[in-house]
Amino acid sequence: MFKAVQTFCVLLIIVSFSCHHSNSFVKENTVTIDIQPFSGIGDEEVNYVFSELKKVYPDVNLNRSIPLQASAFYAARNRYRADSLIQFLDRRTARGHVTIGLTGKDISTTKNGIADWGVMGFGFCPGKACIASSFRLSNAEKLMQLFKVAIHELGHTQGLPHCSVSSCFMRDAEGRNPTNEEKDFCVECKRWLANKGWNFKIPPAIK
């Protein structure tokens, strides 16, 4: 049997993918979402993400803040390597759980031949861990934007690719910050997440 290859999904990826998911309503095994703040991010930001996630997902835990891993720091750019932080979170994530790390520091990864590309969020798709940063967000809309980055990355951990619907949380940022244009998950992405235990009211399928 071939072992499935775990792929990385980055918020700022260039290529967009359309969402074409099964319309089955048989819920799969649900997971617990653990929010893991890193030192330096404000309580207001963390609590906002927690409260907004609780509105759409029934089982969310908020962990105590922990230090950022020194081994993930990239001194040349004063950034933290998102992939290293994700691997750290993945190792700490219990079976049946998914962890979203929250930080106020700049994060980056290697992409498209660029060794150090700054990102707003990063995660495994599918996987057990992801991370969202408030560093590149607008101060005026930082709380809402951080929530949208976080829920986007959590969508990736549930197996969702980028979506072609411009107002969907799963849209491809394409090197920008389009979070203010994002309003909700599209119907197809909601169907996918509802099957995994997310609390969405889904309109009947059009026959």
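These legends walk through several close-up views of a predicted model.

**View 1. The whole chain, as a starting point.**
Before zooming in, it helps to get your bearings. The protein has four helices and ten strands. Going along the sequence, they come in the pattern β-β-α-β-β-β-α-β-β-β-β-β-α-α. Of the 207 residues, 50% count as buried. Among contacts with a separation of 6 or more, 70% join residues 24 or more positions apart.

**View 2. Strand β6 and its two parallel partners.**
Here we look at β6 (97-103), where six of the seven residues are buried. Strand β2 pairs with β6 in the parallel sense, over six bridges. One pair to look for is I35, which stands opposite I100 in β6. Strand β10 also runs parallel to β6, joined to it by five bridges. In that pairing, T99 has A129 of β10 as its bridge partner. As a general reminder, strands of a sheet pair through backbone hydrogen bonds, either parallel or antiparallel.

**View 3. The largest nonpolar core.**
This view takes in the largest nonpolar core, which has 35 residues. Those with the most contacts inside this core are L53, I100, L102, F185 and W198. At least two core residues come from each of β2 (32-37), α1 (43-56), β6, β10 (129-133), α3 and α4 (187-194). Helix α3 supplies the largest share, six residues. In soluble globular proteins, nonpolar side chains tend to be buried together.

**View 4. L102 and its surroundings, with a second core elsewhere.**
Which residues does L102 touch, once neighbours within four places in sequence are set aside? Its contacts are I35, Q36, P37, F38, I41, V46, V49, A132 and A150. Apart from the largest core lies another one, of 16 residues, and Y80, I86, F122 and F124 are among them.

**View 5. The four-stranded open sheet and helix α2.**
The strands of this open sheet are ordered β4-β5-β7-β8, with mixed pairing. Strands β4 (73-74) and β8 (114-119) are the edges, and each pairs on one side only. Helix α2 (residues 82-92) packs on the sheet, where it touches β5 (79-81), β7 and β8. The direction of α2 makes about 50° with that of β5. Strand β7 (residues 107-111) pairs with β8 in the antiparallel sense over four bridges. Within this sheet, look for I107, which stands opposite V119 in β8.

**View 6. T157 in helix α3.**
T157 belongs to helix α3 (residues 142-157). Is this residue buried or exposed? T157 counts as buried because its relative accessibility is 4%, and the cut-off for buried is under 20%. Leaving aside neighbours within four places in sequence, T157 is in contact with V98, F124, P126, G127, A129 and C130. V98 lies 59 residues away from T157 in sequence, yet their C-alpha atoms are 7.6 Å apart in space. The side chain of T157 also makes a polar contact with the side chain of Q158, at 3.3 Å.

**View 7. Two buried cysteines.**
How many disulfides does the structure hold? The count is zero. C163 has a relative accessibility of 3%, so C163 counts as buried. C189 is buried too, with a relative accessible area of 0%.

Terms used: Residues numbered from 1 in each chain as written. Predicted model: local features only at pLDDT ≥ 70, side-chain atom pairs only at ≥ 80, totals over all residues. Heavy atoms only, no water. Disulfide = S-S within 2.5 Å. Buried < 20%, exposed > 50% of the residue type's maximum accessible area, 1.4 Å probe, protein only. Pairing = 2+ DSSP bridges. Contact = heavy atoms within 4.5 Å. Axes fitted to C-alpha atoms, helices over the stretch in contact; angles between N-to-C directions. Polar contact = N/O pair within 3.5 Å; in protein donor to acceptor, adjacent residues only side chain to side chain. Core = buried A, V, L, I, M, F, W, Y, C linked by side-chain atoms within 4.5 Å.
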